[in-house]
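Visitor: Could you take me through one part of this model up close? I'd like to look at the place where two of the chains meet, and then at whatever helps to put that part in context.

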Amino acid sequence: MDLRRSLRRWAYARPRVLVTDMPGHDVLRWQVEAELDRRSWAYATSPADTDVLIVLGEPTGELSDAIDLLWSQVPTPRHTFGCSDANFLSRRLDQAIEALANSTTADANRQTEDDARARLASAGLADDADASSSAGQDMGGHAGDDMGGHAGDDMGGHAGQDMDEHAGHDMGGHAGHDMSGEHTGHDMGGHMGHDMGGHAGQDMDGHAGHDMGGHTGHDMDGHAGDDMSGEHTGHDMGGRMGHDMGGHTGDDMSGEHTGHDMGPGHDMGGHAGHDMSGHMGHDMSGPVAGLPMAQTAQDRDGLDLDVLSVALGPVLPGWPTGLVLRAQLQGDVIIDAQLSWTSGADNEAGDIPGPAQARALDHLARFLVVAGWPTQARQARQARSGLTSSDPAVRARAQEAAVRVARGVRHSRTLAWSVAGMGHLTDRDPERPDDVLARIRRWCDIAAGTSDVAEPGPVALPTLASALEGSELATARLVVASVEPKRALTRVEGVRTGA
Amino acid sequence: MLAVLSLLGVIFALGLSVYATSAVLRDDRIGAVALPFESGLRPTQHAVSRYHVRWYAVTLLFLAFDMEMIFMYPWAVVVADMGAGAVVEMFGFLGVLLVGVAYVWREGALRWT
Amino acid sequence: MPELAADVGTLASTWGVLPAALVVAAVGVLLGVLVSAADRAVVTGQGVRAGVEPLRSGMQLLLEQRRRTLAPDRLLWRVGGAAVPVVALLSMAVVPLAGRTLWSTSADLVWFNAMEALLWAAVWLMGWGPNAVHSLTGGYRFLAQGLAYELPLMFSLITVGVAAGSLRSTDVVAAQDGLWFVVTMPVAFVVFVGGAAAFAFWGPFAAPTGADIAGGVTSELSGLDRLLLLAGRAVFLGATAAMAAALFLGGDAGPWLPGPVWHLLKTVAVVAGLVWGGRRLPLLRPDRVVELAWVVLVPLTLLQALVVAVLAVSGFYA
């Protein structure tokens with residue numbers, strides 16, 4: 001066993017580290033990264049790649065939830081520690097190796113598929129709260145809406161309507177609507193960011209996959225008594241509640257559903273005696289695992305294509321911690337972007353202190369990670385660390401290194417070719433850098449410390465979000481990495497741009 | 001053929017021994033189930049979907065050339081013996097294909113972002 | 001064209017089938033270690049001390065828990081991951097070691113090409129398998145990248161075949177008796193080595209595993225499964241470096257030292273050049289690379305093939 005332990009200690013002597021920094025802890029992050037670079041430890045790109053999770057500062061609110069979820073995704077052996085100052089940092093990293101080497105069977109990540117599903121289901125409330133506030137809408141108001149008013153409404157001709165106007169509209173009320181008209185491009189984006197576009201010209205039979213997931217608090221009792229026969233086809237109540245009502249073709253739903261409690265968290269498995277024969281082969285629990293499939297929406301050519309709701313952030317390497325991009329993706333193209341700060345990351349305390357040159361180098365380093373240039377990123381980090389040293393000789397060397405990095409990045413024709421022409425911010429001010437390359441070159445000038453270029457100001461989230469729309473995932477990452485997103489005092493700042 | 005089959009056998013043996021070593025050494029033999037990584041948030045949909053690839057036009061162009069390669073491998077072996085005629089024929093054919101490339105390029109199909 | 005197919009025999013016929021296969025697989029693994037050590041040395045700036053790091057990382061991944069995601073396509077995911085090291089080592093069957101290959105056919109170069117082409121399927125399956133968006137994006141990025149690198153790579157292999165008048169690896173080495181092919185086909189050489197980086201999704205061509213998509217196809221992999229993919233990719237890079245040394249740099253030809261030592265030195269030189277050059281560049285986005293490949297590289301490699309074909313017809317390589 002001793003042999004085994006020394007083998008483990010050797011194997012884990014260079015663990016891969018995921019560093020998450022709470023807002024306002026940038027200088028601490030610099031210190032941690034300097035120590036990690038000194039030890040040649042690798043930076044993890046995802047939880048699966050992680051051995052040690054270091055949390056800088058005290059996570060609160062949604063950031064805390066995000067880190068919990070992240071931790072559940074890390075395979076064992078694993079170790080995590082929080083850090084609010086750089087005292088004993090080296091010793092704590094040594095302890096991390098010890099902990100990894102000494103981990104036992106009992107420490108293994110025991111999360112099973114059921115746990116994962118439970119985690120998914122438990123997301124409902126937290127995520128809803130987040131989405132509704134980021135869209136500036138109160139989703140709670142949906143529950144208990146009068147559905148009678150909608151009954152018999154002709155929904156035909158709601159072409160291209162944005163659900164922002166449907167504030168307070170109860171989706172439950174769609175039961176009994178004549179949905180067989182032109183439901184073209186009906187965009188539910190504002191509601192939870194689900195895009196219901198692409199229901200073009202379909203009658204309700206084609207509404208398979210109609211996703212009402214996440215409408216926690218939705219009252220399905222209202223369906224009782226509605227004549228839903230033949231109209232409620234394929235209405236998917238799945239989503240976070242974990243039940244899929246897809247494929248109720250031809251069922252007389254009114255008879256079946258009367259008195260059924262369809263409230264949040266209700267398990268469809270409990271519908272004993274429910275006639276499932278008409279469910280058209282939809283599995284109520286199995287392969288979908290509590291998650292709906294992608295929706296469809298029209299692309300710019302009017303083709304019906306799958307649209308995937310994806311979140312980037314709040315905790316993603318090379319990404320400003322706490323920033324959340326809720327994107328609708330067709331392939332890797334963002335057709336709709338909402339940006340917001342999660343609670344706990346939204347105040348001005350997130351501004352980075354420290355000398356402007358070091359800040360610029362930090363910015364460059366993060367950009368270079370995203371741009372896939374790890375060697376230059378390391379040199380930028382090392383120059384940044386050296387600049388804050390108390391030893392003048394170290395500072396002088398760091399200054400040389402900073403100039404070298406800045407020159408290397410600024411004059412890289414490959415980088416210029418690779419990122420050219422992307423990320424024009426909408427307010428085209430000639431005074432201000434306009435695209436990714438111009439902004440990065442400006443950061444380079446500041447990083448070199450040889451000119452007195454003013455720091456680019458932070459970019460407001462609405463501006464940034466509209467620059468992301470229509471770009472692909474890789475471009476969006478580069479654009480976000482090239483700016484400093486403006487932190488707002490409240491999350492109402494969060495914006496959505498229409499598709 | 002026997003050689004390559006035995007190499008395949010050795011590779012499988014190597015693979016099995018890697019699996020076995022790992023199974024013996026690691027603590028956890030069951031494995032964990034995690035939600036797919038979405039930056040600390042729960043996924044809201046299954047990621048597997050009909051992924052829209054905007055470069056599908058390039059795949060067609062690629063197929064045209066890929067078929068052509070099948071002729072080019074045997075051609076490569078005999079071209080020195082066949083003489084200048086074979087060179088003219090093959091590169092004449094490639095020239096026609098390159099006209100296609102030029103057309104596709106002009107149409108902007110090689111750029112989709 | 002002279003009869004070059006002087007039957008040098010195969011490794012299998014000299015050493016016996018099983019020992020030869022064992023040696024070839026072992027050399028493949030060692031080449032993989034060499035590549036990852038060189039890569040680690042450059043990326044972390046550790047220099048030669050990084051030599052042991054690939055072994056350490058490998059052991060660490062062996063010790064690590066495996067994981068899967070919610071509702072994955074498990075079969076395809078694992079098949080894709082295991083396929084990468086398998087095809088990488090299978091490609092070693094036609095790489096000359098000590099002047100001979102394990103397996104000698106009239107279409108060795110096609111075999112090498114075919115093994116590399118199987119990565120299209122393997123990497124895409126890796127991306128599809130875990131039902132995760134970053135992974136899926138990575139898988140499709142690889143396909144887009146494939147549209148860029150595949151044809152120039154194939155043209156450079158064909159160029160070699162034209163000059164040698166044979167697709168047999170040992171014939172190609174023998175054909176460079178007087179002059180290394182790199183002299184008359186520098187473009188093909190650079191494209192071949194660059195193509196290796198591209199199909200092994202490494203360095204500037206690492207978009208399928210990019211940091212901007214949380215590691216892409218590797219983003220949901222841990223433990224053994226991650227090891228197999230990373231090792232497979234390193235072995236493939238090593239095998240391609242050895243193949244490049246054989247196809248363009250005269251293989252084991254060289255004065256004073258024994259042949260295998262020369263081949264090893266040339267392979268190390270190719271690896272060093274690849275890592276040094278590759279890590280000087282940022283990630284090349286597949287969407288930009290595709291245009292460059294079709295508009296510049298395809299015509300350029302065809303021009304290279306034309307020049308070599310004319311030389312071959314005029315008896316230059318005879």
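**Where chains B and C meet**

Guide: Happy to. In this predicted model, 55 residues of chain B are in contact with 65 residues of chain C. On the chain B side, the elements that put in two or more residues are helix H1 (2-25), strand E1 (32-34), helix H2 (56-82) and helix H3 (84-106) of chain B. H1(B) gives the most, with 15 residues. As for chemistry, that side of chain B splits into 41 nonpolar, nine polar and five charged residues.

Strand E1 of chain B deserves a second look. E1(B) pairs with strand E1 (residues 67-69) of chain C, in the parallel sense and over three bridges. If you want a spot to click on, go to Ala32(B), which stands opposite Arg67(C) in E1(C).

Chain B also touches chain A. That contact takes 47 residues from chain A and 24 residues from chain B. On the chain A side, helix H3 (61-72), helix H5 (113-134) and strand E8 (304-312) of chain A each supply at least two residues. By class, the side of chain A that touches chain B has 23 nonpolar, 16 polar and eight charged residues.

Now for some packing inside the partner chains, beginning with chain C. Two packed helices are described by the angle between their axes and the distance between the axes. For helix H2 (residues 17-44) and helix H10 (residues 223-248) of chain C, the angle is about 100° and the axes are 7 Å apart. An angle of 65 to 115 degrees counts as roughly perpendicular, so H2(C) is roughly perpendicular to H10(C). Among the residues that meet there are Gly28(C), Gly32(C) and Ser36(C) in H2(C), and Ala231(C), Gly238(C) and Ala242(C) in H10(C). The contact of H2(C) with H10(C) divides into ten nonpolar, four polar and no charged residues.

Over in chain A, the axes of helix H7 (residues 356-370) and helix H9 (residues 392-410) come within 11 Å and cross at roughly 45°. H7(A) and H9(A) are therefore oblique to each other, and their crossing is left-handed. H7(A) brings Gln357(A), Leu361(A), Leu364(A) and Leu368(A) to the contact, while H9(A) brings Ala402(A), Val405(A) and Val409(A). Sorted by class, the residues of this contact are six nonpolar, one polar and no charged.

Definitions and conventions. Residues are numbered from 1 along each chain as its sequence is written. Chains are lettered from A and ligands numbered from 1 in the order in which they are written. This is a predicted model: local features need pLDDT of at least 70, side-chain atom pairs count only at pLDDT 80 or more; totals for chains, interfaces and linings use all residues. Two residues are in contact if their C-beta atoms, placed from the backbone, lie within 7 Å. Helices (H or I, at least four residues) and strands (E, at least two) are DSSP runs, numbered from the N terminus. Ala, Val, Leu, Ile, Met, Phe, Trp, Tyr, Cys and Pro count as nonpolar, Asp, Glu, Lys and Arg as charged, and the others, Gly among them, as polar. Two strands pair if DSSP finds at least two bridges between them. Axes are lines fitted to C-alpha atoms, for helices over the stretch in contact, and angles run from 0 to 180 degrees between N-to-C directions. Angles under 35 degrees count as roughly parallel, over 145 as roughly antiparallel, 65 to 115 as roughly perpendicular and the rest as oblique. A crossing is left-handed if the near helix is turned anticlockwise from the far one by less than a right angle, and right-handed if clockwise.
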